[in-house]
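The following exercises concern side-chain pairing and packing in one protein model. Each task is followed by a solution in steps.

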Amino acid sequence: MTSLCEIENQAGLCRITSGWKKPDLPIDWVRRYWRDVHSPAISRRAGLYDYRHYQYDPVQEDVLSPLEGVEYACPSMEQLMWTSDVRYRSTADLPAFDISPQGQAKADLLGDIELIVDKSTTYRTVDDNGHTFVDETGVATPQGPCASPTFTFFIRAKSDEVSFRACLKAVSETWSKKLGVVRLRLSLFDAPDMEKERLAGYPIKTHPVEQQYQACIEIALDTIARARSLITDEDGIDYAQHIKTIHAYPVRVIYTSVYSGRPTLVGLRGYPAYQAITALNADNQRQATLLEWMYGPVAEDGTAEDCL
């Protein structure tokens with residue numbers, strides 16, 4: 001049986017877009033809009049292998065054991081509110097994604113960025129620079145509130161790229177074996193390429209260089225107390241030599257709209273419909289025959305959950 005790690009690690013390209021909303025917009029409506037309007041539209045684009053949307057609570061400065069020389073604090077006006085984690089099997093799938101949909105429909109879809117986003121940066125992670133080391137959650141397509149304490153650690157480098165990346169891989173390998181770590185995924189970022197984003201039609205709202213990150217680690221723990229034991233002297237890792245900043249974002253919810261190349265029920269119908277269908281065990285509303293009639297060829301084989 002193929003493991004969750006093996007399925008995720010088939011993705012050879014990942015684009016992680018992180019940002020925050022315009023200050024005049026209510027956060028609750030932005031979250032609902034991204035989940036139930038924007039994400040179902042994205043899930044219909046060609047070339048996708050996996051698509052997850054993460055929403056964050058404010059940075060928690062005391063979640064990790066203190067490290068002298070590493071900054072944990074983040075000004076409130078610079079804190080991320082979400083990330084959209086979009087994965088492809090390979091870079092060969094990106095052109096199909098970029099031209100989907102065509103014409104005015106794409107401009108209408110990307111209009112959501114102008115509508116909602118104040119600042120946003122897209123980071124690319126290629127090949128083994130994106131790797132899931134462990135996933136014992138038993139949940140292939142997480143939907144809604146996290147079942148256990150989950151964080152995304154956004155990290156800034158202090159050392160050169162080669163040394164920093166080697167350190168983060170060693171950190172991920174070490175942490176993934178620790179008691180209570182049920183999921184860990186590392187993403188090492190290439191520097192944002194604004195020209196590529198512009199050519200793909202995206203409005204450029206990138207964070208200043210000093211606010212950008214060079215990596216993130218997504219981690220799920222069986223209890224919050226486990227986080228304090230992630231960093232120890234026994235690790236044999238000189239964290240402060242290579243890491244300048246760790247911002248610990250608690251993950252409040254995750255919505256999976258595409259998994260292993262197929263849309264999920266949330267990706268097709270939105271989260272409120274998913275909740276109602278699940279609550280009443282309405283299997284008739286999950287059938288490929290009905291979903292294809294409603295949504296066309298994208299639902300021809302049913303949803304991702306049908307293949308789990």
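**Exercise 1.** Which side chain meets that of D190 in a salt bridge, and at what N to O distance?

*Solution.* The model is predicted: local features need pLDDT of at least 70, side-chain atom pairs count only at pLDDT 80 or more, and totals for chains, interfaces and linings use all residues. Residues are numbered from 1 along each chain as its sequence is written, and side-chain values use heavy atoms, with hydrogens and water left out.

Step 1. Apply the criterion: a salt bridge is a side-chain nitrogen of Lys or Arg within 4 Å of a carboxyl oxygen of Asp or Glu. The partner of D190 is then R165, at 3.1 Å from N to O.

Step 2. Locate the two residues. D190 lies in the loop between β8 and α6 (194-199), while R165 belongs to helix α5, 25 residues apart. Helices (H or I, at least four residues) and strands (E, at least two) are DSSP runs, numbered from the N terminus.

Step 3. Assign accessibility, where buried means under 20% relative accessible area, exposed over 50%, and partly exposed in between (1.4 Å probe, protein chains only). D190 is partly exposed at 26%, whereas R165 is buried at 14%.

**Exercise 2.** Place the salt bridges of R183 in the fold and in their network.

*Solution.* Step 1. The rule of Exercise 1 yields 17 salt bridges. R183 meets E8 with an N to O distance of 2.7 Å. Because R183 lies in strand β8 and E8 in helix α1 (residues 4-8), this pair ties together parts 175 residues apart in sequence.

Step 2. R183 also forms a salt bridge with D135, again with 2.7 Å from N to O. D135 is in strand β5 (residues 130-135), 48 residues from R183 in strand β8.

Step 3. R183 has 4% relative accessibility and so counts as buried. E8, at 3%, counts as buried, and D135 is buried too.

Step 4. The wider network of salt bridges links E8, D50, R52, D85, R87, D135, R183, R185 and E218.

**Exercise 3.** Classify the ring pairs W34–W82 and Y56–Y249.

*Solution.* Step 1. A pair of aromatic rings is described by the distance of the centres and the angle of the planes. Rings of Phe, Tyr and Trp (its six-membered ring) pair if their centres lie within 6.5 Å; planes under 30 degrees apart count as stacked, over 60 as edge-to-face and the rest as tilted. The structure holds twelve such pairs.

Step 2. For W34 and W82 the centres are 4.7 Å apart and the planes stand at 35°, so the pair is tilted. W34 lies in helix α2 (residues 27-42) and W82 in strand β3 (residues 82-88), so parts 48 residues apart in sequence are tied together. W34 is buried at 6% relative accessible area, as is W82 at 3%.

Step 3. For Y56 and Y249 the values are 5.3 Å and 40°, so this pair is tilted. Y56 in strand β2 (residues 50-56) and Y249 in strand β10 (residues 243-259) are 193 residues apart. Y56 has a relative accessible area of 4% and is buried; Y249 is buried at 0%.

Step 4. Y56 and Y249 join F154 and Y213 in one aromatic cluster.

**Exercise 4.** Which residues have the most contacts inside the largest nonpolar core, and which element gives the most to this core?

*Solution.* Step 1. A nonpolar core is a set of buried Ala, Val, Leu, Ile, Met, Phe, Trp, Tyr and Cys residues joined through side-chain atoms within 4.5 Å. The largest has 30 residues, and F153, L168, W175, I217 and I219 have the most contacts inside it.

Step 2. At least two core residues come from each of β7 (150-157), α5 (161-176), β8 (181-188), β9 (215-221) and β10. Helix α5 gives the most, with five residues.

Step 3. Take F153 as an example, with contact meaning heavy atoms within 4.5 Å. Not counting residues up to four places away in sequence, F153 touches several residues, including V63, L64, W175, I217 and I246.

Step 4. A second, separate core of 20 residues includes V86, Y88, I113 and A200.
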